[in-house]
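Okay, thanks for making time, everyone. I'll walk you through a structure that may be new to you, so let me put it on the screen.

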Amino acid sequence: MTETMFGDLSGVREGLAKVEYLADDGIASVVYLAERLGKPVLIEGPAGTGKTELAKSVAAMSGARLIRLQCYEGLDEAKALYEWNYKKQLLRIQADRGVDAEHEDWVDLQDDIFQDEFLLTRPLLEAISAEDKVVLLIDEVDRVEIETEALLLEILSDYQVSIPELGTIMASQIPLVFLTSNNTRELSEALKRRCLFLHIDYPDLEREKQIVLTKVVGISENLAEQIARVVRSVRQLELKKAPSVSETLDWARTLVLLGIENIDVEQAKQTLHILLKYQSDIEKAAKELTVEA
Amino acid sequence: MLDLLSGFVGELRNAGLPVSLTENLDAMEAVKHIPIEDRDAFKYALAATLVKNEQHWRAFETVFEVYFSLRGPEYNVGDEDGNGEFDPESLEEWMSQQMQGMGGRGGGQDMSPEEIAEMLFRALLNADEAMMAAMARAAVTQFAGMEPGRPVGGTYYLYRTLRNLDLDGMLERLVEESSERYEGELSPLAERLEREEFENRIEQLKREIEAEIRRRLVADRGVEAMAKTLRKPLPEDVDFMHASREEMANIRKAIQPLTRKLAARLARKRKHKRRGPLDFRATVRRSLSYGGVPAEPRFRHPRPNKPELIVVADISGSVAAFARFTLHLVYALQNQFSKVRSFVFIDGIDEVTHMFQNEEDITNAVHRVNTEADVVWVDGHSDYGHAFGVFWENFGKDVNAKSTMMFLGDARNNYHSTNAWVLKECQKRARSVFWLNPEPRSYWDTGDSVITEYSTYTDGVFECRNLRQLEGFVDNLA
């Protein structure tokens, strides 16, 4: 890539901060590298730590269009790459037949109906063929079957799509690609090899506090600090599901709405269900918070 | 630079990380775009291109620390006064400057333990990171007693340093100090949070000390030798029987995502086999509408193969950890089996199935098994023969053609009678009988191990020394 989207390393972080995404060193470096090397980024990490948000923020920051492909079991070529609009093709054939049925030439017709006009682009092809700047987000890539994963490989390494009837479509510009995964299964080596790897974990105390401060309107610094500390304390317990950043934010908003300035044990226990989603976890955390007191 | 990087990649491979050629090339390419003096960015660039699995991160970090810690001026980054850290002379000089500021006696070596403790205390209280790093250095100089060329592991020095610092006492003091500062105004919750904050800082200090010791060892012994001593197995390769406490904790952490992955994989495998064998009757019936031509074959719905699992585990000291992890794994996959029953024994045997029922938290249940199960009959030394005898007497009737039996243990029977006939009977009745042995294969049948005697009556004995092997076995089982 000749021209760079965002100057240097610190430029990335500042740019992301402007769209209210607080990146740490690791995240900033990887985003920067991805753009420099023209490589996709595979983001892994627990649910709710801002994996999808990162892709969105990068798009917002660079003013690019975000194209999103949500993966699910059973996703296939027709929904991810492209599909022939066969209804339109049928219409075309029928329309022809009305005019001069005798001079029907099969080769002509075939050339005719396999054209861009009859091609329905799906997210992947759209990202490749886009003229403007795009960010492609392939969300929860671990949900597709291993066989479907192979479909992504051509795009990720060469930024091209091969359509048997049309030939190969090359990307006019290399889009930034983000893949997210919740790690419910091991992704194939082939896929991992083509990507830069970024693991986003729960943020540390200071960063979480900053995130709460930026994202929650009207919160005091004191409360944000307390929230971050309680959340860290809860995360240290052995829970089924540790509270994620988005749950921290929900909790912070709740506390602000309730007009609480200083968290005490009772209030914490009463609002714990916003932070934790399993009954056993809630009980455990409630017990822990009181016992120590 | 190129040499350094390829040495680094070689070491990563030695540590067990799969680094491919393309990844290596990517790393070289990536480094070009990173300002070389930014050490963090450099590290993340390497990590993003070379490490593709979050669990390998720690191994990567260790190797990185060894290879890229202070090798000559071009990598020496961000040290406050720009002094080479492991150069003892300049360190002392720097220390004495610090001491003058503190009104001390000057000269790092002369600093008394009390003074170090006091300064450390203040640094921790105010979360002064630069000061903490400096004190870590001072503490290592003072207490670790490192001698060049002495063939002792880093952990030894770490232990010596920490013992002298008395960090537990330090924590108590910190907590007291801070509650004084707020004059007892703190609510219990806030107090708890305050304590955790200090614990966190002390943890940070420990890491700092560890890094400091490592830096000096690298300077003393050279990179390759050091990397070799620091090489640690990845969590899934750690041997159950010889895991340290920290490694145990890591295994415990690794087992949660593992079960999730395994469950997803099994569910997927099952869904994929949607077709059963040809249903002849239905096909013939169907063919009537085509005039007797079997145009549309019909298939049976496959009945998912959900075995009834009976786990019989030895929980005596030597193999307790192994049994614990296996139980954990099996119960986390409960819905993949139609029923799971579990028994634990040492020389007596007890059923513990009920402890897992109505208990959402498996960790809790496993803990209860270890504390509440009634497994001691005479002396609390493994007696497989007696335990199996009692098992057959009380529960033998529950073994039927649907059950798959799993025996867990090292078959070290303390020279008691083996009662191998129990397994023979089990094999007759059960669908299959497996034995998992956490000992390396070469140890089998040495000493009081009687594994062969039992194995004649099983459908397979498997060596199961680490998470990877355990995962593989359970995957095939369900």
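Before any counting, a word on terms: when I say helix or strand, I mean a DSSP run, with at least four residues for a helix and at least two for a strand, numbered from the N terminus. With that in hand, chain B has 20 helices and 6 strands. And please keep in mind that this is a predicted model.

Let's stay with chain B for a bit. Its 478 residues include 34% that are buried. If you take contacts between residues at least 6 apart in sequence, 69% of them join residues at least 24 apart.

The chain is split into domains: domain 1 covers 2-68, domain 2 covers 88-232, domain 3 is made of 248-272 plus 305-477, and domain 4 is 277-304. How many Å separate the centres of domain 1 and domain 3 of chain B? Going by C-alpha atoms, it's 40 Å.

Now the sheet in chain B. We've got an open sheet of 6 strands, in the order β3-β2-β1-β4-β5-β6, and the pairing is mixed. At the edges sit β3 (349-351) and β6 (461-463) of chain B, each pairing on one side only. On average, neighbouring strands here are turned by 20° against each other, ignoring direction.

Zoom in on one pair: β1 (residues 308-314) and β2 (residues 339-345) of chain B run parallel, joined by 7 bridges. One of the partnerships to look for is B:Ala313 with B:Val344 in β2(B). Then there's helix α17 (residues 384-395) of chain B, which lies across β1, β2 and β3 of chain B and runs at about 40° to β3(B).

Two loop residues in chain B caught my eye. B:Ala411 isn't a glycine, yet its phi is positive, about 55°. You'll find B:Ala411 in the loop between β4 (403-408) and α18 (421-429) of chain B. The other one is B:Asp445, also not a glycine, with a positive phi near 65°. B:Asp445 is in the loop between β5 (432-437) and α19 (451-455) of chain B.

So what about their surroundings? Why does B:Ala411 count as buried? Because it has 24 other C-beta atoms within 10 Å, and the cut-off for buried is 20 or more. B:Asp445 has 14 C-beta neighbours inside 10 Å, so it counts as partly exposed.

Over to chain A. This one has 15 helices and 9 strands. Its radius of gyration is 25 Å, well over the 19 Å that the globule rule gives for 293 residues, so chain A is more spread out than a compact globule. Its C-alpha atoms fill a box of roughly 90 × 45 × 35 Å along the principal axes. Of those 293 residues, 35% count as buried. As for contacts in chain A with a separation of 6 or more, 76% come from residues 24 or more positions apart.

Chain A has an open sheet too: 5 strands, in the order β2-β5-β8-β1-β9, with parallel pairing. β2 (65-70) and β9 of chain A are the edges; each has a single partner strand, so one side of each is left without a neighbour in the sheet. Here as well, neighbouring strands are turned by 20° against each other on average, direction ignored.

Look at β1 (residues 41-44) of chain A. In a regular strand, side chains alternate between the two faces of the sheet. Here, A:Val41 and A:Ile43 point one way, A:Leu42 and A:Glu44 point the other way, and all are buried.

Who pairs with this strand? On one hand, 4 bridges join β1(A) to β8 (residues 176-181) of chain A, running parallel. A:Val41 partners A:Phe178 in β8(A), and A:Glu44 partners A:Ser181 there. On the other hand, β1(A) also pairs with β9(A), in the parallel sense over 4 bridges, with A:Ile43 partnered by A:Leu198. Helix α3 (residues 51-62) of chain A lies across β1, β2, β5 (134-139) and β8 of chain A, at about 170° to β5(A).

Last stop, the place where the chains meet. Contacts involve 31 residues of chain A and 32 residues of chain B. Which element supplies the largest share of chain A's side? That's α2(A), with 7 residues. By class, chain A's side has 13 nonpolar, 7 polar and 11 charged residues.

That's my tour; over to you.

Notes: Residues are numbered from 1 along each chain as its sequence is written. Chains are lettered from A and ligands numbered from 1 in the order in which they are written. This is a predicted model: local features need pLDDT of at least 70, side-chain atom pairs count only at pLDDT 80 or more; totals for chains, interfaces and linings use all residues. Two strands pair if DSSP finds at least two bridges between them. Axes are lines fitted to C-alpha atoms, for helices over the stretch in contact, and angles run from 0 to 180 degrees between N-to-C directions. Two residues are in contact if their C-beta atoms, placed from the backbone, lie within 7 Å. Domain bounds come from an automatic or database domain assignment. Ala, Val, Leu, Ile, Met, Phe, Trp, Tyr, Cys and Pro count as nonpolar, Asp, Glu, Lys and Arg as charged, and the others, Gly among them, as polar. The radius of gyration is taken over C-alpha atoms; the globule rule is 2.2 Å times the number of residues to the power 0.38. A residue is buried if 20 or more other C-beta atoms lie within 10 Å of its own, exposed if 12 or fewer, and partly exposed in between; C-beta atoms are placed from the backbone.
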